[in-house]
Amino acid sequence: MPILEVRDLKKNFENTQVLKGISFDLEEGEAISIIGSSGSGKTTLLRCLNFLETADEGTITVRGKKLFDGAKPVTNQDELRKMRLHFGLVFQQFNLFPQYTALENVTLAPLLAAEGGDKAGIIENGKRLLDQMGLSDRMDNYPHQLSGGQQQRVAIARALALKPDILCFDEPTSALDPELTGEVLKVIRNLAEKKTTMIIVTHEMAFARDVADKAIFMDGGVILEQGSAKELINNPKEERTRQFLSGLAK
Ligand SMILES: Nc1ncnc2c1ncn2[C@@H]1O[C@H](COP(=O)(O)OP(=O)(O)O)[C@@H](O)[C@H]1O
Ligand SMILES: [Mg+2]
């Protein structure tokens, strides 16, 4: 059974249909990369999966449990919060809390969720995650004391701290200077090697091909092509995918 089954997801903004029926599966331990031009609906798809937007139609099923059904959307805030815990989202802009240290950024949400439970365990886990991100000497730094690449690695640790079933990245390196991109990609590559289940929206084509098991090419709100990441990026079947990939190579 796939860990995630997305079926015929549709989303409109006013009169524009931005997602026109998105369907795909993700297996536990797999990474899938999503590529496509600006405006093709990639961010909207991730936001619908994280329940930051409510899709209009379709279903989202995690571990066999239907979390979302467009026919009867959940509006209860507590329910939505619980649904969100299945997904972690790392944004393009790191969105760290400026008034908290790296470690506090990572532990804040789990401490709130635990309501005074295993505080020591949560802090231990936060330290372990920051260590895994190569930030063991940066735990007490505030975001403004960190480089963009370091901030993004804190954001990844923060997303992992809530132990999501599926970790989503929305162009995690596109706000970074080129020399800082590598350190963030390396961390995501390590997560893939550890079989973290991930959805990665990225413009880094070689990365999308080498790190992900599967790839999706989105165009105008539909999945135009999906399959093995290597096959799709090295040898696309659709003319439109070829155009997109060769445009990038220019
Ligand atoms: N909140 C919104 N309100 C209206 N239109 C939106 C909103 N968010 C995104 N869109 C539109 O949806 C389309 C897809 O956007 P987006 O999902 O951000 O694409 P991508 O991430 O692939 O660049 C774009 O045409 C964008 O202008
Ligand atoms: Mg986007």
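**Exercise 1.** In this predicted model, find where N95 sits, then work out what stands out about its phi and whether N95 is buried, partly exposed or exposed.

*Solution.*
- Start with the location: N95 belongs to the loop between β6 and α3 (102–114).
- Next, the backbone: phi of N95 is positive, at about 60°, even though N95 is not a glycine.
- For context, most residues other than glycine have a negative phi.
- Last, the burial: N95 has 14 C-beta neighbours inside 10 Å, so it counts as partly exposed.

**Exercise 2.** Run the same check on K163: which loop holds it, what is its phi, and why does it get its exposure label?

*Solution.*
- K163 lies in the loop between α5 (148–161) and β7.
- Its phi is positive too, about 50°, and K163 is not a glycine either.
- Because K163 has 12 C-beta neighbours inside 10 Å and the cut-off for exposed is 12 or fewer, K163 counts as exposed.

**Exercise 3.** Describe the two faces of strand β6 (residues 87–90) and say how β6 is joined to β7.

*Solution.*
- Take one face of β6: F87 and L89 are buried there.
- Flip to the other: G88 and V90 are buried as well, so both faces are covered.
- Now the pairing: β6 and β7 (residues 166–170) run parallel, with 4 bridges between them.
- For a specific contact, F87 has I166 as its bridge partner in β7.

**Exercise 4.** Sort the shell around ligand 1 by residue class and find which helix gives the largest share.

*Solution.*
- List the shell: F13, V18, G36, S38, G39, S40, G41, K42, T43 and T44.
- Sort it: 2 nonpolar, 7 polar and 1 charged.
- Trace the helix: α1 (residues 42–49) supplies the largest share, 3 residues.

Note on methods. Residues are numbered from 1 along each chain as its sequence is written. Chains are lettered from A and ligands numbered from 1 in the order in which they are written. This is a predicted model: local features need pLDDT of at least 70, side-chain atom pairs count only at pLDDT 80 or more; totals for chains, interfaces and linings use all residues. A residue is near a molecule or strand if its C-beta atom, placed from the backbone, lies within 6 Å of it. Ala, Val, Leu, Ile, Met, Phe, Trp, Tyr, Cys and Pro count as nonpolar, Asp, Glu, Lys and Arg as charged, and the others, Gly among them, as polar. A residue is buried if 20 or more other C-beta atoms lie within 10 Å of its own, exposed if 12 or fewer, and partly exposed in between; C-beta atoms are placed from the backbone. Two strands pair if DSSP finds at least two bridges between them.
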